[in-house]
Amino acid sequence: MGSALFYHLTRSGPGQLLPMLIGKSLQAGWRVEVRGRDRARQAALDEQLWLGEGFLPHGLAGGPHDARQPVLLTVEGQAAANAARCLIALDGAEVRGAECAALERACLVFDGNDPEALERARAQWRALKAEGVEAEYWSEAGGRWERRQ
């Protein structure tokens, strides 16, 4: 069973963290699903990833080559056809314990400056722990990413 890593953003946005998480996953040989809740936000993320530093091969789900994409951007309810081993959930996108069991890792990225996002992350933490998923909490509050207890 894969673990769930919760990333508490307080100093940056997901656009700064995603390239690192995606890069590490690709280095491990894993395909990645980046799941959001809104198609327009995923389309904007698609643009951001193409224009950012470095090359992160990816595609927006719904195309003819989804199964070949090393990184596939999806929205809730949309199947990831790329056999992802790592799931990165943004904007409070739902992650279930059964999904974690089939993955190497699930990363839940949330904005700690948004009370609604913070509460949603806490609820997901409780739900995944109740389903037996090993969870870790990571914070950038100290200026760099640190695992917290």
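Helices and strands here are DSSP runs, numbered from the N terminus; a helix needs at least four residues and a strand at least two. The model is predicted. With those terms in hand, Asn82 can be placed: this residue lies in the loop between strand S4 (71-75) and strand S5 (86-89).

Start with the whole chain. Its secondary structure comes to four helices and eight strands. Along the sequence, the elements run β-α-β-α-β-β-β-α-β-α-β-β.

Next, the overall dimensions. A compact globule of 149 residues would have a radius of gyration near 15 Å. The chain has 14 Å, so the value agrees with that expectation. Taken along the principal axes, the C-alpha atoms fill a box of roughly 40 × 30 × 30 Å.

Now the packing. Of the 149 residues, 42% are buried. Take the contacts in the chain with a separation of 6 or more: residues 24 or more positions apart account for 63% of them.

Then the surface. The accessible surface of the chain comes to about 7800 Å². Carbon and sulfur atoms hold 49% of that area. As for charge, the chain has 18 positive and 20 negative charges. The mean positions of the two sets are 4 Å apart.

Two loop residues are worth a visit. Go back to Asn82. Is this residue buried or exposed? Buried means under 20% relative accessible area. Asn82 has 1% relative accessibility, and therefore counts as buried. What surrounds Asn82? Leaving aside neighbours within four places in sequence, Asn82 is in contact with Arg31, Val32, Asp66, Ala67, Gln69, Pro70, Val71 and Leu72. For Val32 there is a further detail. A polar atom of the Asn82 side chain lies 3.0 Å from the backbone oxygen of Val32.

Move on to Arg96. This residue sits in the loop between S5 and helix H3 (97-102). The cut-off for exposed is over 50% relative accessible area. Arg96 has 53% relative accessibility, so it counts as exposed. Which residues does Arg96 touch, not counting those up to four places away in sequence? They are Leu128 and Glu131. Leu18 gives a distance to check in the viewer. Leu18 and Arg96 are 78 residues apart along the chain. Their C-alpha atoms are separated by 21 Å.

Set the two loops side by side. S5 borders both: the loop with Asn82 lies between S4 and S5, and the loop with Arg96 lies between S5 and H3. Asn82 is buried, whereas Arg96 is exposed.

How values were computed
Residues are numbered from 1 along each chain as its sequence is written. This is a predicted model: local features need pLDDT of at least 70, side-chain atom pairs count only at pLDDT 80 or more; totals for chains, interfaces and linings use all residues. Side-chain values use heavy atoms; hydrogens and water are left out. The radius of gyration is taken over C-alpha atoms; the globule rule is 2.2 Å times the number of residues to the power 0.38. Buried means under 20% relative accessible area, exposed over 50%, partly exposed in between (1.4 Å probe, protein chains only). Contact means heavy atoms within 4.5 Å. Accessible areas come from the Shrake-Rupley method with a 1.4 Å probe; for residues, only the protein chains shown count as cover. Lys and Arg count as positive and Asp and Glu as negative; His and the chain ends are not counted. The place of a charge is taken as NZ of Lys, CZ of Arg, CG of Asp or CD of Glu. A polar contact is a pair of N or O atoms within 3.5 Å; within protein, one must be able to donate a hydrogen and the other to accept it, and residues adjacent in sequence count only if both atoms are side-chain atoms.
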